Amino acid sequence: MVEFQLMEGVHYTVHPMEYGDIPQVAQIDREAFPGEWATRSHSSYRQDLDNSSIRYIVACTKKDSSESREQIAGKPPWFRRLFNHERSPRTPEDIIGFGGFWMMMREAHIIAIGVRDGHRRLGVGEALLITTIDLAATLNANVVTLEVRASNEIAQTLYRKYGFRVMGRRVRYYSSNGEDAIIMSTDDISSMPFQASFQRLKRGHAQRQAKNLARVR
Ligand SMILES: CC(C)(COP(=O)(O)OP(=O)(O)OC[C@H]1O[C@@H](n2cnc3c(N)ncnc32)[C@H](O)[C@@H]1OP(=O)(O)O)[C@@H](O)C(=O)NCCC(=O)NCCS
């Protein structure tokens, strides 16, 4: 489990997905990937969770102490809603993003990363990608790869930021609209140059979280 902090007492964690998370993850998946949703179902998640080659993670807001609840009492309503402090952990609204990848030999292939609509641009997608790369490294992967819609500039910007480069194109890969997929891959994630840049990006992410905090003060 990896914990990310936005301010003292306000956290979200990224940790392995459980069966009980399926309905909320499915909801985010449907929102984030409307074109692909038809191909996924609750039972396919269940199969994926039982498959030792596949890892799913979720980003989940965390209930804090009454002291920290008092700290956010004066925050704007969107902030209180976002961090959901009146509820206990792992209630449906707690999950704000998910990611999944499968391992094939020494390649970790990202299936999806999705952040709940309305919770974007706060660093959650980046936290999910950081955790994916770290987890892939502990599973002995040497590269992380993915396919992304040619039109999905936002996701490509995120992946480029983390050193993914375009390796090719799959023509008419997405059956929903015949769109091409761009194939992206990292360099060797265990290499010194990759790790140096990755650690710098992780530090930058932590600083960005501090900026989010400044925004709500
Ligand atoms: C792609 C996605 C996961 C990003 O999640 P997010 O939590 O909003 O992203 P973050 O706040 O962590 O942003 C991280 C980086 O992503 C890029 N990014 C995110 N949103 C962006 C936007 N609207 N415009 C341009 N770049 C953007 C930037 O590089 C950003 O870093 P920066 O803040 O230094 O500029 C989210 O937009 C999403 O769920 N989209 C729908 C599903 C999808 O396309 N998934 C990816 C394909 S698998």
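How do the residues of the shell around the ligand divide into nonpolar, polar and charged? The shell holds 11 nonpolar, five polar and five charged residues, where Ala, Val, Leu, Ile, Met, Phe, Trp, Tyr, Cys and Pro count as nonpolar, Asp, Glu, Lys and Arg as charged, and the others, Gly among them, as polar. The model is a predicted one, in which local features need pLDDT of at least 70, side-chain atom pairs count only at pLDDT 80 or more, and totals for chains, interfaces and linings use all residues. Numbering starts from 1 along each chain as its sequence is written.

In total, 21 residues surround the ligand, each with its C-beta atom, placed from the backbone, within 6 Å of it. The closest are Arg 120, Gly 125, Glu 126, Ala 155 and Leu 158. Strand S5 (107-115), helix H5 (124-138) and H6 each give two or more residues to this shell; helices (H or I, at least four residues) and strands (E, at least two) are DSSP runs, numbered from the N terminus. The largest share, five residues, comes from H6.

Leu 158 deserves a closer look. This residue sits in helix H6 (residues 153-161) and touches Gly 125, Glu 126 and Leu 129, leaving aside residues up to four places away in sequence; contact requires C-beta atoms, placed from the backbone, within 7 Å. Between the C-alpha atoms of Leu 158 and Gly 125 there are 8.3 Å, although 33 residues separate the two along the chain. Leu 158 counts as partly exposed because it has 17 C-beta neighbours inside 10 Å (20 or more would make a residue buried, 12 or fewer exposed, with C-beta atoms placed from the backbone).

Terms used. Contact = placed C-beta atoms within 7 Å.
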